[in-house]
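Let's take a walk through a protein structure together. Keep the picture open and turn it around as you read.

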Amino acid sequence: MITYMDIFNREKNVEDLEVYTGVGDVNEQLARYGVKFGIYKNNEFKEQLFPFDMIPRVIDGEEFRYLEKGLKQRVKALNLFIDDIYGEKHIIKDKVIPEEFIYAGSGYLSQCEGIKPPKGVYSHISGIDLVQSKDGIWYVLEDNLRIPSGASYPMIARGISRRSAPNLFAGKHIEDNRNYAQLLRKTMDHVNIGGHTVILSPGRYNAAYFEHSYLAEKTGAHLVTGKELIVENDKLYFIDYSGRKERVGAVYRRISDEYLDPMNFNKESVIGIPHIFDIYRKGNVALINAPGNGVADDKGIYYFVPKMIKYYLGEEAVLNNAPTFLPYYEKDMKYVMDNFDDLVIKDVAEAGGYGVVFGNKLSSEEKVRFKEMLKNEPRRFIAQNVIDFIDIDIMDNGKLLPRKADLRAFVLMAEEPMVWKSGLTRFSRNPDSFIVNSSQGGGFKDTWVLSQ
Amino acid sequence: MKRLRFQYHMKLSFSNKVCNHRFTLKCIPRDTDSQIIENYSVSVYPDHINSENIDSHGNITLFGYAGEYHQSFGFDLEGVAITGLSEYEGAKELHKVGMYRYQTQITEPGEKLKSFHKVILSSEKNSSTDSTAHLIMQKIYEKLTYKQGLTVMETTAEEVLNKGGGVCQDYAHVMLAICRMEKIPCRYVTGMMLGEGSSHAWVEVWDDNKWIGFDPTNNKRVDDEYIKISNGRDYSDCLVNQGIFIGNVIQNQEISVFVYEEVNDKND
């Protein structure tokens with residue numbers, strides 16, 4: 001396992017390293033560029049800076065090739081699974097996955113039955129969350145297929161860091177990560193059925209608005225809101241500033257399924273585009289990512305991903321899942337009851353670090369109540385062994401402090417899956433916490449993939 | 001077998017003018033194993049741009065846009081259906097009808113439905129899906145009182161039991177809820193029935209390779225007096241008219257459906 005210590009100056013004290021001189025400066029610049037994310041707390045919208053720590057996560061070439069292989073395999077299988085669920089449903093017939101995990105979950109959308117998206121791609125941009133345990137083994141913690149965000153942060157941080165501390169990067173054989181925009185463009189062009197490519201944002205009060213505008217700028221796609229798009233004559237048009245209508249062939253939508261089209265999903269949605277889903281059904285526009293693909297990233301479905309890989313590809317999974325138990329199965333229920341204190345329990349309907357309970361953190365009274373809930377709604381939860389994943393140092397007021405960090409890897413699907421040679425490393429600012437989600441107050445790091 | 005002529009008029013009147021009206025209509029009956037639509041014509045007003053599609057349940061969908069200001073919106077549909085061609089509609093295998101086996105927000109049972117379910121199914125043990133569904137239909141018919149104005153469109157199956165009655169849509173939702181508690185796939189159907197009045201709703205129950213129609217409002221099996229328009233998991237998949245527009249108005253909807261048998265066809 002390689003760390004930043006290996007590629008920075010070994011002899012000298014870490015404080016000497018140029019890396020630390022840049023921290024304040026880079027964060028200042030990130031703030032000036034508006035690198036923020038918004039959160040809603042107590043019904044109030046607040047924008048927060050996403051604190052950047054200059055000490056990178058370092059992954060060497062060989063290790064990354066292993067991750068790459070596993071990530072491609074995983075995303076391929078997930079795509080085949082979604083195609084199967086909205087089509088022939090072999091995996092249900094063959095009883096590899098119990099059907100209630102599909103239909104009673106929140107990700108399945110009956111509106112998507114029978115639809116084949118352009119080029120058969122369902123998950124164009126996937127964010128796969130991984131952690132590395134202290135013995136060096138990587139585990140996938142979560143697949144994010146709906147609208148995974150975060151790629152823009154290491155992109156812009158890399159650019160600013162290179163400018164603030166150019167020497168830091170010299171001679172270190174780091175893969176350039178500023179090609180994310182090209183990969184994304186290729187992914188969008190691959191499915192574009194003819195016409196403009198747009199990035200559809202709910203607007204500036206969205207948590208990831210910075211990212212929407214940044215990706216639009218870098219890919220050359222138009223940044224639009226629902227009001228600038230209109231369905232007419234079975235086609236989608238972008239209305240430009242002069243009122244002229246121009247055909248749109250691909251929409252990278254950063255709006256969740258339920259708000260996408262008030263005529264087909266949530267009727268109350270005012271940010272969506274009426275009838276866009278109807279023309280998508282007819283093959284007249286590509287939607288990136290495909291609606292309904294959340295059926296594959298449900299926490300309940302996560303358990304079955306290694307089985308999916310075996311089922312669709314006939315291969316063993318390259319990447320490990322964290323050891324997971326499904327209380328739905330009697331044997332697992334017993335295990336969960338007996339080993340409650342060693343487990344982390346997750347509500348399958350929640351995301352963003354919410355609905356996560358550590359068995360040993362509950363009072364005995366809470367435990368009794370929680371176990372009762374588990375027995376009543378076994379399908380609602382998964383339980384996992386707590387993985388003691390590695391810390392990466394962060395620099396806090398001139399001091400080095402170890403903090404838990406995960407990695408969101410990005411896999412983009414064009415003709416073939418492509419893994420971005422970087423990723424978003426998120427760390428927890430709280431020394432006792434294993435939860436690294438940005439909505440829970442964490443920060444981020446760049447991820448350096450070495451070419452050797 | 002019957003040859004039925006049908007007319008379906010729907011008119012929305014607005015208290016003020018509206019514009020930018022987007023609509024989706026699921027009003028056109030389609031061919032199934034038990035019915036053939038010999039011919040139909042539909043006109044939608046005001047003038048607008050119109051598209052046709054088939055939704056994920058196989059229903060014919062008309063969708064479009066009326067951009068200009070208008071004070072009424074509606075359609076006139078008429079045509080001829082040959083009904084009763086088969087007692088059942090062919091169905092896909094069990095693993096492909098899973099979406100009809102799970103409760104929706106509308107059918108999700110609460111305490112009332114759970115205890116009603118217990119009462120119904122402890123009285124007799126039925127071996128076949130067909131007879132179980134029949135029993136469920138009968139018990140619902142006995143339990144509920146047909147009464148207009150008691151419920152609204154969004155009333156859930158559980159609330160229907162609380163109120164003790166409702167209209168055909170409510171009977172159908174209660175039947176769906178109970179069948180799904182029995183793990184029987186079943187779907188909501190919107191259609192028309194011989195006679196004059198409004199549209200009708202009933203239930204189809206999956207039994208091996210067939211969908212069997214049950215009408216809990218009338219306590220009878222669906223026969224050649226019924227013309228099916230659409231089906232789905234509950235009423236929300238089968239809305240005859242759905243729309244959004246700009247305008248702060250009070251709406252008034254008129255629906256009139258007329259189905260009669262054509263006996264003296266001059267070509268015979």
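What follows is a tour of a predicted model, going from the two domains of one chain, to the place where two chains meet, and then to a helix.

Start with chain B. An assignment of domains splits chain B into domain 1, made of residues 2-84 plus 240-261, and domain 2, residues 89-237. Notice that domain 1 is written as two stretches of the sequence. If you take the centres of the two domains over their C-alpha atoms, they sit 24 Å apart.

So how do the two domains of chain B meet? On one side, 27 residues of domain 1 are in contact, and on the other, 24 residues of domain 2. Between them the two domains bury about 2100 Å², and 56% of that is on carbon and sulfur atoms. Looking at the domain 1 side, His57(B), Val257(B) and Val259(B) lose the most area to domain 2, together making up 28% of what that side buries.

Charges and polar groups show up here too. Side chains of opposite charge can pair when their charged atoms come close. Between the two domains of chain B there is one salt bridge. Try finding Asp224(B) and Lys2(B): these residues form a salt bridge, with their closest N and O atoms 3.3 Å apart. There are also 12 residue pairs in polar contact between the domains, counting pairs with both residues at pLDDT 80 or more. Which elements of domain 1 supply two or more residues to this side? They are strands E1 (2-25), E5 (70-83) and E16 (251-261) of chain B. E16(B) has the largest share, with seven residues. Sorted by class, the domain 1 side has 13 nonpolar, eight polar and six charged residues.

Now zoom out to where chain B meets chain A. This contact takes 25 residues from chain B and 26 residues from chain A. The two chains bury about 2300 Å² between them, with 54% of it on carbon and sulfur atoms. On the chain B side, Arg22(B), His95(B) and Tyr102(B) supply 27% of the buried area, more than any other three residues.

How many salt bridges cross this interface? The answer is three. You can look for a salt bridge between the side chains of Lys93(A) and Glu93(B), at 3.5 Å from N to O. Polar contacts between chain B and chain A come to 12 residue pairs, again with both residues at pLDDT 80 or more. On the chain B side, the elements giving two or more residues are E1, E3 (49-54), E4 (60-66) and E15 (241-246), each of them a strand. E3(B) gives the most, with five residues. By class, this side of chain B has eight nonpolar, 10 polar and seven charged residues.

Last stop: helix H3 of chain A, residues 61-85. At 1.5 Å a residue, its 25 residues should span 36 Å, and the end C-alpha atoms are indeed 36 Å apart, so expectation and model agree. At the N-terminal end of H3(A), Asp60(A) acts as a cap: one of its side-chain oxygens lies 3.2 Å from the backbone nitrogen of Glu62(A).

The whole structure has 47 salt bridges over all chains, and one of them involves this helix. The side chains of Lys76(A) and Glu416(A) meet at 3.9 Å, N to O. Lys76(A) lies in H3, while Glu416(A) is in the loop between strands E18 (399-413) and E19 (417-419) of chain A, so this pair ties together parts that are 340 residues apart in sequence.

Methods
Residues numbered from 1 in each chain as written. Chains lettered and ligands numbered in written order. Predicted model: local features only at pLDDT ≥ 70, side-chain atom pairs only at ≥ 80, totals over all residues. Heavy atoms only, no water. Domains from an automatic or database assignment. Contact = heavy atoms within 4.5 Å. Buried area = accessible area lost by both parts, 1.4 Å probe. Salt bridge = Lys/Arg side-chain N within 4 Å of Asp/Glu carboxyl O. Polar contact = N/O pair within 3.5 Å; in protein donor to acceptor, adjacent residues only side chain to side chain. Helix = DSSP H or I, 4+ residues; strand = E, 2+ residues; numbered from the N terminus. Nonpolar A, V, L, I, M, F, W, Y, C, P; charged D, E, K, R; others polar. Expected span 1.5 Å × (residues − 1).
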